[in-house]
Every structure is written in C-alpha cells, then in structure tokens.
Amino acid sequence: MPAGVMVVEHCAIRVTTEDTMALRSFGKDPETNGDHCPTVWFDEDKQEFVFQGWKADEALQAQCLETGPIPDTEAVVRLPARMVQQIREACDAAESAPVR
C-alpha cells in the first residue's frame, strides 16, 4: 500500500507511512471537540497499543512511582473511562492480528 494511504476497515483507519508503520485508529474521546483529545491506536507492525492522553499530574505520578520508577522513555497518561469502547476495539484488533 502506498505511503499515506488511509483505508477504512472495521470502524478503524489504517495509516501507513514511508516507515511502514501501520497504525489503526480506534477513535478519539467522544466527549471532546475532536481537537487535542485522548486517542487510541494499534500499531499492527510492532504489535503495540498507542495512547494519547492527558499528562499525569505530580500527585498521580507520585502514586505510580510507588510501583516502580518511570524511565525517561515512558510516560503516565490518563484516558477517560468513557473511551472503553475504543480501547476494547483496539484490544480485539490486537488479539486477531497475526503475530509478527
């Protein structure tokens, strides 16, 4: 598939780039204006979930640090529970994706 082509499949959008990353978008927070909002993707090539969410505040980070350190290459983000449908659809896609 050519770079930048988007194909609608199973209520998701698959985006490919020159780096051959295949991201399937499962939606944005349904209660936001569609701009700067939490979003859920599944990277089919790397077999990874990708989440855009609100940055954790210091209090939440401190609570998370009780479990262990957060490396500089990782972040704690928040997603609203109302996004369970998008998260569930991404999980279903992950379960049915061929292992690479």
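1. Terms and model. A residue counts as exposed when its relative accessible area is over 50%, as buried when that area is under 20%, and as partly exposed in between. By that cut-off Glu31 is exposed, because its relative accessible area is 62%. The model discussed here is predicted.

2. Overall make-up. The protein has two helices and seven strands. Read from the N terminus, the order of elements is β-β-β-β-β-β-α-β-α. The protein has 100 residues, and buried residues make up 25% of them. Its accessible surface comes to about 7,200 Å². Carbon and sulfur atoms account for 53% of that surface. Take the contacts between residues at least 6 apart in sequence: 38% of these join residues at least 24 apart.

3. Strand β3. Look next at residues 22-28, which form β3. Six of the seven residues of this strand are buried, so β3 is largely enclosed by the rest of the structure. β3 and β4 run antiparallel, with five bridges joining them. Within this pairing, Arg24 stands opposite Phe42 in β4.

4. Gly27. This glycine also belongs to β3. Setting aside residues up to four places away in sequence, Gly27 touches Pro38, Thr39, Val40, Met83 and Gln86. Met83 is 56 residues from Gly27 along the chain. Even so, the C-alpha atoms of the two are separated by 8.4 Å.

5. The hairpin of β4 and β5. Strand β4 covers residues 39-43 and strand β5 covers residues 48-52. The two run antiparallel and are joined by five bridges. Thr39 stands opposite Gln52 in β5. Four residues lie between the strands of this hairpin. Gln47 is the residue to check here, with a positive phi near 55°.

6. The core. Which residues make up the largest nonpolar core? There are seven: Phe26, Val40, Phe42, Met83, Ala90, Ala93 and Ala97. Two elements, β4 and α2 (84-96), give two or more residues to this core. In soluble globular proteins, nonpolar side chains tend to be buried together. Ala90 is a good place to start in the viewer. Leaving out its neighbours within four places in sequence, Ala90 is in contact with Phe26, Val40, Phe42 and Phe49. Phe26, Val40 and Phe42 are among the core residues.

7. A nonpolar patch on the surface. Phe49 is in strand β5. Is this residue buried or partly exposed? Phe49 counts as partly exposed, because its relative accessibility is 37% and so falls between the two cut-offs. Together with Phe51 and Val77, Phe49 makes a nonpolar surface patch of about 240 Å². Phe49 is also one of the residues in contact with Ala90.

8. Salt bridges: Arg24 and Glu44. How many salt bridges does the structure hold? There are three. One of them pairs Arg24 with Glu44, with the closest N and O atoms 3.4 Å apart. This pair links distant parts of the chain, 20 residues apart: Arg24 is in strand β3, and Glu44 is in the loop between β4 and β5. Both Arg24 and Glu44 are buried.

9. Salt bridges: Asp29 and Arg82. Asp29 forms a salt bridge with Arg82, and their closest N and O atoms are 2.6 Å apart. The two lie 53 residues apart in the chain. Asp29 is in the loop between β3 and β4, whereas Arg82 is in the loop between β7 (77-78) and α2. Asp29 counts as buried because its relative accessibility is 3%. Arg82, with a relative accessible area of 36%, is partly exposed.

10. Salt bridges: Arg82 and Glu31. The side chains of Arg82 and Glu31 also meet in a salt bridge, at 3.8 Å from N to O. This pair again links distant parts of the chain, 51 residues apart. Glu31 is in the loop between β3 and β4. Which residues are linked in a network of salt bridges? They are Asp29, Glu31 and Arg82. Accessibility differs across this network: Asp29 is buried, Arg82 is partly exposed, and Glu31 is exposed.

Methods
Residues numbered from 1 in each chain as written. Predicted model: local features only at pLDDT ≥ 70, side-chain atom pairs only at ≥ 80, totals over all residues. Heavy atoms only, no water. Pairing = 2+ DSSP bridges. Core = buried A, V, L, I, M, F, W, Y, C linked by side-chain atoms within 4.5 Å. Buried < 20%, exposed > 50% of the residue type's maximum accessible area, 1.4 Å probe, protein only. Contact = heavy atoms within 4.5 Å. Patch = residues over 30% accessible without salt bridge, like charges linked within 9 Å, V, L, I, M, F, W, Y side chains within 5 Å. Areas by Shrake-Rupley, 256 points an atom, 1.4 Å probe, with all protein chains shown as cover. Salt bridge = Lys/Arg side-chain N within 4 Å of Asp/Glu carboxyl O.
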